[in-house]
Amino acid sequence: MKHTGKIAVGGIISALALAVMFASYFPYLTYAVPAIAGTILMVIVVEIDFKWAMLVYAVIAVLSMFLMEPEAKILFTFFFGYYPVVKFKIDKIKFKAVRWITKFAIFNAAIVLAYLVFIFIFQMPIDDMGAFGKWAVAGVWLLGNVVFVIYDYAEGEMVGQYMRTLHPRIKRILRF
């Protein structure tokens with residue numbers, strides 16, 4: 001694919017992901033919207049390559065900092081935007097235990113960093129944990145890791161479905 005074609009596909013995917021990210025202003029979509037927007041980046045990994053996908057991720061992350069709802073843009077930038085891209089590399093690790101340790105390390109580090117940004121930069125109050133108190137943090141962290149496993153599985157299934165249905169059509173359109 002010519003350089004101009006890669007730029008065009010990257011621009012289209014960026015615009016689509018940003019359009020999806022605008023839905024983050026609707027209540028209760030704060031987590032789902034960045035996850036969906038990040039999933040769109042798998043098209044770049046499959047159709048072009050890893051480096052271009054990371055570049056498109058960076059463009060979306062920068063633009064979302066100016067346009068999107070604070071929590072959604074931080075979650076996209078710190079995890080959901082790049083994870084579908086790096087998942088392609090991680091899934092090539094031969095040993096399943098090492099693969100999952102890597103995935104959990106990335107997820108937990110990203111989420112901790114994202115929430116530190118919420119707390120210290122955006123001044124999000126952490127005193128409002130209600131009756132559960134300190135146990136709420138542990139419960140949310142545990143639940144987050146369970147949901148991450150489901151998310152990772154769903155990402156893999158979406159890539160498989162994309163490869164079976166859309167990839168052959170897009171390959172013809174892009175004339176590889």
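**Helix 5**

I began with helix 5 of this predicted model and looked up which of its residues are buried: Glu71, Ala72, Lys73, Ile74, Leu75, Phe76, Thr77, Phe79 and Phe80. That is 9 of its 11 residues, so I noted the helix as mostly covered.

**Two loop residues that touch helix 5**

Next I went to Thr30, in the loop between helix 1 and helix 2. I found Thr30 at 14% relative accessibility, and it therefore counts as buried. Setting aside residues up to four places away in sequence, I listed its contacts as Glu69, Glu71, Ala72 and Leu75.

Tyr82 was my second loop stop, between helix 5 and helix 6. Its relative accessibility is 17%, so I put Tyr82 down as buried too. Leaving out neighbours within four places in sequence, I have Tyr82 touching Met54, Tyr57, Phe76, Thr77, Ile106 and Ala110. I also checked Tyr82 against Thr102: the two are 20 residues apart along the chain, and their C-alpha atoms are separated by 14 Å.

**The core**

Which residues have the most contacts inside the largest nonpolar core? I wrote down Ile13, Leu41, Ile44, Phe76 and Phe79, in a core of 43 residues. I then looked up the elements that give two or more residues to this core, and they are helix 1, helix 2, helix 3, helix 4, helix 5, helix 6, helix 7 and helix 8. A background reminder to myself: in soluble globular proteins, nonpolar side chains tend to be buried together.

I picked Leu41 for a closer look. Not counting neighbours within four places in sequence, Leu41 is in contact with Ile13, Ala53, Val56, Tyr57, Ile60, Phe76, Gly81 and Val85. Two of the core residues I had just listed, Ile13 and Phe76, are among these contacts.

**Helix 1**

I checked the length of helix 1, residues 3-21, before anything else. At 1.5 Å a residue its 19 residues should span 27 Å, and I find the end C-alpha atoms 27 Å apart, which agrees.

Then I asked which residues of helix 1 are buried. My list reads Val9, Gly10, Ile13, Ser14, Ala17, Leu18 and Met21. Looking down the helix axis, I see these buried residues fall within an arc of 165 degrees, so they line one face of helix 1. The general rule is handy here: an α-helix has 3.6 residues a turn, so residues three or four places apart point the same way. On the other side of helix 1, I noted Thr4 and Ile12 as exposed.

What covers the buried residues of helix 1? I found that the cover includes helix 2 (32-40), helix 3 (42-47), helix 4 (50-67), helix 5 (70-80) and helix 9 (167-174).

**A pocket by helix 1 and helix 9**

I looked up the second largest pocket, which holds about 180 Å³ of space. Its lining is Val9, Ile12, Ile13, Val43, Tyr162, Leu166, Ile170, Ile173 and Leu174. Helix 1 and helix 9 are the elements that give two or more residues to that lining.

Leu174 sent me on to Lys2, in the segment before helix 1. Lys2 has 67% relative accessibility, so I logged it as exposed. Lys2 and Leu174 are 172 residues apart in sequence, yet I get 9.9 Å from C-alpha to C-alpha.

**Helix 7 and helix 8**

For helix 7, I repeated the length check: 25 residues at 1.5 Å a residue should span 36 Å, and the end C-alpha atoms are 36 Å apart, which agrees. I listed its buried residues as Arg99, Lys103, Phe107, Asn108, Ala110, Ala114, Val117 and Phe118. Ala110 had already come up as a contact of Tyr82.

My last entry is Gly139, in helix 8. Buried, exposed or partly exposed? At 36% relative accessibility, Gly139 counts as partly exposed. I compared its place with that of Ile44: the pair are 95 residues apart in sequence and 35 Å apart in space, C-alpha to C-alpha.

Methods. Residues are numbered from 1 along each chain as its sequence is written. This is a predicted model: local features need pLDDT of at least 70, side-chain atom pairs count only at pLDDT 80 or more; totals for chains, interfaces and linings use all residues. Side-chain values use heavy atoms; hydrogens and water are left out. Helices (H or I, at least four residues) and strands (E, at least two) are DSSP runs, numbered from the N terminus. The expected span of a helix is 1.5 Å times one less than its number of residues. Buried means under 20% relative accessible area, exposed over 50%, partly exposed in between (1.4 Å probe, protein chains only). The arc is that of the directions from the helix axis to the C-beta atoms. Contact means heavy atoms within 4.5 Å. A nonpolar core is a set of buried Ala, Val, Leu, Ile, Met, Phe, Trp, Tyr and Cys residues joined through side-chain atoms within 4.5 Å. On a 1 Å grid over the protein atoms alone, a cavity is a set of points where a 1.4 Å probe fits but cannot get out, and a pocket is an open set with protein on both sides within 12 Å along at least five of seven lines; lining residues have an atom within 4 Å of a point. Grid points are joined across faces, edges and corners, and a volume is the space filled by probe spheres set on the points.
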